[in-house]
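This report describes the fold and several selected local environments of one protein chain. Please read it alongside the sequence and the coordinates shown here.

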Amino acid sequence: MSDPQTTDPQNAPADAEATPHETLDPLADAQAELANLKAQNADLADQYLRAQADVQNARRRADDEITKARKFAVESFADSLLPVLDSLEAGLAIPNATLEQIREGSEATLRQLKSALERNKVTEINPSAGTKFDPHHHQAISVVPAEQEANTVVTVLQKGYLIAERVMRPALVTVTAPK
């Protein structure tokens, strides 16, 4: 008995029918795929170059901002100090100032200076007597015998200063000796 599918052309399998894609030349298929891949490659290369340019531009802008920040970092601080300078100059411009006027002017100028420092996050380190010695904020100049607890501040010889929680200058202090 013969296979009905092979002997009858009407009963031929559906996959035996040629599709338009299968009739193309394999070389033409490969060339079309190559052209498609080349186009994708060109598109990806373009995207890569644009991304690289964006990164370089962002880096350049960041470098410019850092340079400007460094260059003009003291601008607001200097702006805060200008009224202090004006007050000092005005005080010195008075030819026959009395001792009381000089003292009042100096106190007003000192208040202006402290205000300018506070606006720029410069705070003083001025520990009171009996405060525990802190080597991060204090510098012991001498050790003296005292009735206080050991290793505490007796006197402040010179105030210290912080700028935004960073020690600019430690307070110079004398501390109690261990008993």
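The sections below move from the overall fold to the helix pair, the nonpolar core and individual residues.

## Overall organisation

The structure is a predicted model, and its secondary structure comprises five helices and six strands. Read along the sequence, these elements follow the order α-α-α-α-α-β-β-β-β-β-β.

Of the 179 residues of the protein, 12% count as buried. Among contacts between residues at least 6 apart in sequence, 59% join residues at least 24 apart.

## The pairing of H4 and H5

Helix H4, which spans residues 75-93, packs against helix H5, residues 99-119, at an angle of about 180 degrees, and the two axes lie 9 Å apart. Because angles over 145 degrees count as roughly antiparallel, H4 is described as roughly antiparallel to H5. On the H4 side the contact is made by Phe77, Ser80, Leu81, Pro83, Val84, Ser87 and Leu88, while H5 contributes Thr109, Gln112, Leu113, Ala116, Leu117 and Arg119. By class, the residues of this contact divide into eight nonpolar, four polar and one charged.

Ser80, which has its place in helix H4, is a polar member of this contact. At 10% relative accessibility Ser80 counts as buried, because the cut-off for that class is under 20%. Leaving aside neighbours within four places in sequence, Ser80 is in contact with Ala116, Arg119 and Asn120, and with Asn120 there is also a polar contact of 3.1 Å between the two side chains.

## The largest nonpolar core

Which residues make up the largest nonpolar core? This core consists of seven residues, namely Ile125, Phe133, Val153, Leu162, Ala171, Val173 and Val175. Strand E6, residues 171-176, gives the most to the core, with three residues. In soluble globular proteins, nonpolar side chains tend to be buried together.

Ala171, one of the core residues, is in contact with Ile125, Pro127, His137, His138, Gln139, Gln158, Lys159 and Gly160 once neighbours within four places in sequence are set aside. His138, found in strand E2, is buried, with a relative accessible area of 7%. With its neighbours within four places in sequence left aside, His138 is in contact with Ile125, Pro127, Lys132, Phe133, Val153, Pro170, Ala171 and Val173; among these partners, Ile125, Phe133, Val153, Ala171 and Val173 belong to the largest nonpolar core.

## Val122 and strand E1

Val122 lies in strand E1, residues 122-125, and at 7% relative accessibility this residue counts as buried. Leaving aside neighbours within four places in sequence, Val122 is in contact with Leu117, Tyr161, Leu162, Ile163 and Met168. Of these partners, Leu117 is among the H5 residues that contact H4, and Leu162 is a member of the largest nonpolar core. Val122 and Leu162 are 40 residues apart in sequence, yet their C-alpha atoms are 5.5 Å apart in space.

## Loop residues with positive phi

How exposed are the loop residues that have a positive phi without being glycine? Asn151 has a positive phi of about 65 degrees although it is not a glycine, and its place is the loop between strand E2, residues 138-144, and strand E3, residues 153-158. With a relative accessible area of 34%, Asn151 is partly exposed, because this value falls between the 20% and 50% cut-offs.

Glu165 likewise is not a glycine and has a positive phi, here of about 70 degrees. This residue lies in the loop between strand E4, residues 160-163, and strand E5, residues 166-169. Glu165 is exposed, with a relative accessible area of 72%, because that value is over the 50% cut-off.

Key: Residues numbered from 1 in each chain as written. Predicted model: local features only at pLDDT ≥ 70, side-chain atom pairs only at ≥ 80, totals over all residues. Heavy atoms only, no water. Core = buried A, V, L, I, M, F, W, Y, C linked by side-chain atoms within 4.5 Å. Buried < 20%, exposed > 50% of the residue type's maximum accessible area, 1.4 Å probe, protein only. Helix = DSSP H or I, 4+ residues; strand = E, 2+ residues; numbered from the N terminus. Contact = heavy atoms within 4.5 Å. Axes fitted to C-alpha atoms, helices over the stretch in contact; angles between N-to-C directions. Parallel < 35°, antiparallel > 145°, perpendicular 65-115°, else oblique. Polar contact = N/O pair within 3.5 Å; in protein donor to acceptor, adjacent residues only side chain to side chain.
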